[in-house]
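Trainee: Please take a close look at the interface between the two chains and describe how each side is built.

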Amino acid sequence: MSSDLFVIWPGEPAVNLALWLVIIVVMMYLGRDASHQLLNQTGRSIYRTMRIAAFSLRAWQQTLRTRNQAILQSAGEAQVRRVIEREFVRVNDTIARDLGHYPTLHRQVSDTVSRLEDDYNRAIDTPPSPPAWLEVVNTVASIPRNGDPAAVKILDRIQQTLEGAHRETMDAYIKASRQSHKLLGSMQPLWRQVGADLQKVKHDVESLEERAAVIDEHMTEYQAIRNSSEAAMSKLTSSSLTQFFISGLVLVIAVMGGLINFQLIAMPMSEMVGGTSYIGAMKTSDIAALVIILVEIAMGLFLLESLRITHLFPIIGSMDDRVRRRMIWVTLTILTILATVEASLAYMRDLLALDREALTQTLAGASVVEANFRWIPSLGQMIMGFILPFALAFVAIPLESFIHSVRTVVGLFAQGVLTLLALLARLLGALVQHAFRILVHAYDLVIMVPLSIERLVTRSARSKVQTSSSGANTEVLWQKEESQS
Amino acid sequence: MNKLITLGLVLALTACTQKVPQQRAVYLLLDTSGTYTEELTKAQNILNYLLATLDSGDSVAVARIDSGSFSEKDIIAKVTLDERPSQANQQKRAFKQRMDDYVKSVTRGSRNTDITGGLIQASEYLAETGAGEQYVLIFSDLEEDLAKGHIRDFPITLAGINVVALNVTKLRSDNIDPRDYLKRLARWQERVVTGGGHWQVVNDLERLDQLIASR
C-alpha cells in the first residue's frame, strides 16, 4: 500500500523511476546551498568536537604525567634518602668503631713519642770525646828522656797516670756509647709502633673519605631527582619497570609456593574441621588451610615491617623501639607456631595418604605391602611444611616493590592509552571532516546535470553582458574620437 | 574500604552461585534367589569399588532381595561415612568385613524374588539420607517372582533416584526368545521412569566408573 504512494505512472516502473530521479535531482539542486552548508557545518563541528576531545585527553595525559613524575620523584627521593641515611649510619659506625678509640690512640702515640724523646735525650748524654786526652798523652810521651832521672821518672809517672786516665775515659766512653746504642736499639720497636698507629689512623681516615665520596655521589643523585632532571627521571622510570617485572616474577613464584603449601595442608585440615561442610562452593577445610597460609603471610608482613625491612605500614615503622622489638618477637613466635602446625599437618597428610593407600589395596584384594624408606617422604613433607611459611613470610619484600612499581606502571599505561585516544580522536575528526567534504562533492555529482545547465546559462549570460559592455565602450570611444577631431 | 566490601560481596556472590558438590547415597540390592547367589562375588567387587569411590559424608547400604524384601531386616549393612577421613576409612574397613562375612554365610538362595519390595525399601532409605545424588544399584537378573499373596503391582515413587541394573544375566528362557529379556528390561524401565527415576543398565562391570565418579 505504501509503495503505491510513490507510483506516478501506474504500470510503467521505468518511467516512474526516471520521474522520481528527476524530482530528486531537482529537489537536491534547489536545496544545494542549504545541504552544502549542513554538510560542511556538521563535518566542521565534529572535527572541532574531536579536537576538543583530543585536547582534553592530552591535558589529562599531561596531568597524569605530572602526577606520575611526582610519584616517581617522591619514590626516588625516599629511596636515595634511605640510602644516604644508611651511609651516614655506616659512617657513624665507622667513627664509633675506629675513631672512637682515637683519644686512646693519641695518648698511646704521645706516650711513645715522650718515651722516644727521653730515650733520645739519654742517648745523647755521652762523655766528652777522647781525642783531647790522646793529644796530651802523646805530648807527654814525646818529651825526651835524656835528662835528669828524677824528671824522667816523674814524666813516666805522669805518662802512666795519663794513660790510666785515658784508659778509664775510653772505658767510660765505650760504656756510654754502648748505653746509647742500647737506648737507640730499644727505640726501634717504639718507632715501629708509632708507624703502625699512624698507619691505622690513615686507614680509618681513608675509609671515611671513601664513604664521604659515596655519600657525595648519592647526594648528587638526590639533587638531580629533586631538580627533576630528564636523566634522573628516565633512570627512575626504567628502574621502576624493572622492579615491576622482577617483583611480579617473584610474586608468581610465591603464589606457586603458596599453592604447594595449600596442597600440603588442605587434606589433613579436613581431619580437624571436617570434610563435609562447605562455605559457598569451597570446602571449609580448604578455606581453613587458605586462612592459615594467609595468616602466615600477614605475620611475615608484620615481621619484616617491624624489622624495618619493608615500609608498607608506616604506623609499625614509627613505633617505639621497645614496642617494635616486642612485636618482632610476637610475630616470630606466631610464625613459628604456625610453621610447626603446618609441619604436623604435613605429617598427618602423609599418614592419611598411607591409610588411604592401604585401604585401596585391601579393597582391591591385594595384600598391604610396607614400603621401604617410607620415612623419607614423611620427613620431606614435614620439613617443607615447616620451611614454606618462613619462605612465604619474605613475600612482603617483592610485594612492597610490586605495589610501589605498579603505580608507576599503571600510570605509564594510562598515559599511553590517553595519548592513543587523543591521537585517535584527532584522526577521527579529520577523517569525518574529509568524509563530509567528499559528501559535498558527491552531492554535486548527483546534481551535475542541472549544475552544468546552470553553468552554461551563467556563462552565456556573462558573455552577453561582456559583449554589450564592450560594445558600449567602443561607442564611447568613437564618440570621444569624433569630438576630438 | 568500600572497594574491599564490594570485592568481598562479589566473591561471596560468586561463591554462592557456584554449585556445591552434593553428598551421595547408594543402596545396593543383592539378589539372593536361586542360582544368582553364585554371582555374589561380583557384588563384592562392586561394593569394594563403591567404598573406594565414596567420600566423607556419603552413605551406603547393602540389602538382600529375598522373598519379602520390604523390610529393614534385609539390610545387611549401612553406614554414613564420618566427616573425618581417618574415621571414614575405618568405617569402610568394617563395612567390607561385614559384607565378606555375609557372602560367606550365604549357602542357599531364597525361594522367591521380591525386587519391588527392595526398591521401595531403598527409596525410603535414600529419602532419609537427604543426599543430593541418590543411587539404587540392583544386582539381579530382574526376574521378579513374588510369594503368594504379596501385592507389588502398583506405581512406586522414585523421584530423582538413579536406578541402575547391574549384571542382568540372561535366563535360559531368554536364550530361547531374547524378546523376553528385552521385555523384562523395558518393563522395569517403565516402572522406574513412571516413578520419576532415571533408568540405566550396566552389564559390563568394568564400566562402573561411568556411574559414580570419584572426587
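Mentor: The account below begins with the model, turns to the interface, and closes with the two chains and one buried loop residue in each.

This is a predicted model, in which local features need pLDDT of at least 70, side-chain atom pairs count only at pLDDT 80 or more, and totals for chains, interfaces and linings use all residues. Residues are numbered from 1 along each chain as its sequence is written, chains are lettered from A and ligands numbered from 1 in the order in which they are written, and side-chain values use heavy atoms, with hydrogens and water left out.

At the interface, 15 residues of chain A are in contact with 21 residues of chain B, where contact means heavy atoms within 4.5 Å. The two chains bury about 1600 Å² between them, and carbon and sulfur atoms carry 55% of that area; buried area is the accessible area (1.4 Å probe) that two parts lose on being put together, summed over both. Of the area that chain A buries against chain B, 35% comes from T276(A), L359(A) and L363(A), more than from any other three residues.

The rule finds 2 salt bridges across this interface, a salt bridge being a side-chain nitrogen of Lys or Arg within 4 Å of a carboxyl oxygen of Asp or Glu. One of them pairs R356(A) with D55(B), whose closest N and O atoms are 3.9 Å apart. In addition, 5 residue pairs across the interface are in polar contact, both residues being at pLDDT 80 or more. A polar contact is a pair of N or O atoms within 3.5 Å; within protein, one must be able to donate a hydrogen and the other to accept it, and residues adjacent in sequence count only if both atoms are side-chain atoms.

On the side of chain A that touches chain B, the elements giving two or more residues are α6 (230–273) and α9 (321–363) of chain A. The most comes from α9(A), with 7 residues. By class, the residues of this side are 6 nonpolar, 6 polar and 3 charged; Ala, Val, Leu, Ile, Met, Phe, Trp, Tyr, Cys and Pro count as nonpolar, Asp, Glu, Lys and Arg as charged, and the others, Gly among them, as polar.

As for the chains themselves, chain A holds 12 helices and 2 strands, whereas chain B has 6 helices and 6 strands. Helices (H or I, at least four residues) and strands (E, at least two) are DSSP runs, numbered from the N terminus. Of the 485 residues of chain A, 29% are buried; of the 215 residues of chain B, 48% are. Buried means under 20% relative accessible area, exposed over 50%, and partly exposed in between (1.4 Å probe, protein chains only).

In chain A, I447(A) lies in the loop between α11 (396–446) and α12 (448–484). With a relative accessible area of 0%, I447(A) is buried. Although I447(A) and V25(A) are 422 residues apart in sequence, their C-alpha atoms are 5.5 Å apart. Not counting residues up to four places away in sequence, I447(A) touches V25(A), M28(A), Y29(A) and R32(A).

In chain B, T113(B) sits in the loop between α3 (85–105) and α4 (115–129). T113(B) is buried too, at a relative accessible area of 4%. Leaving aside neighbours within four places in sequence, the residues in contact with T113(B) include D31(B), S33(B), I65(B) and D66(B), as well as E143(B), E144(B), D145(B) and L146(B).
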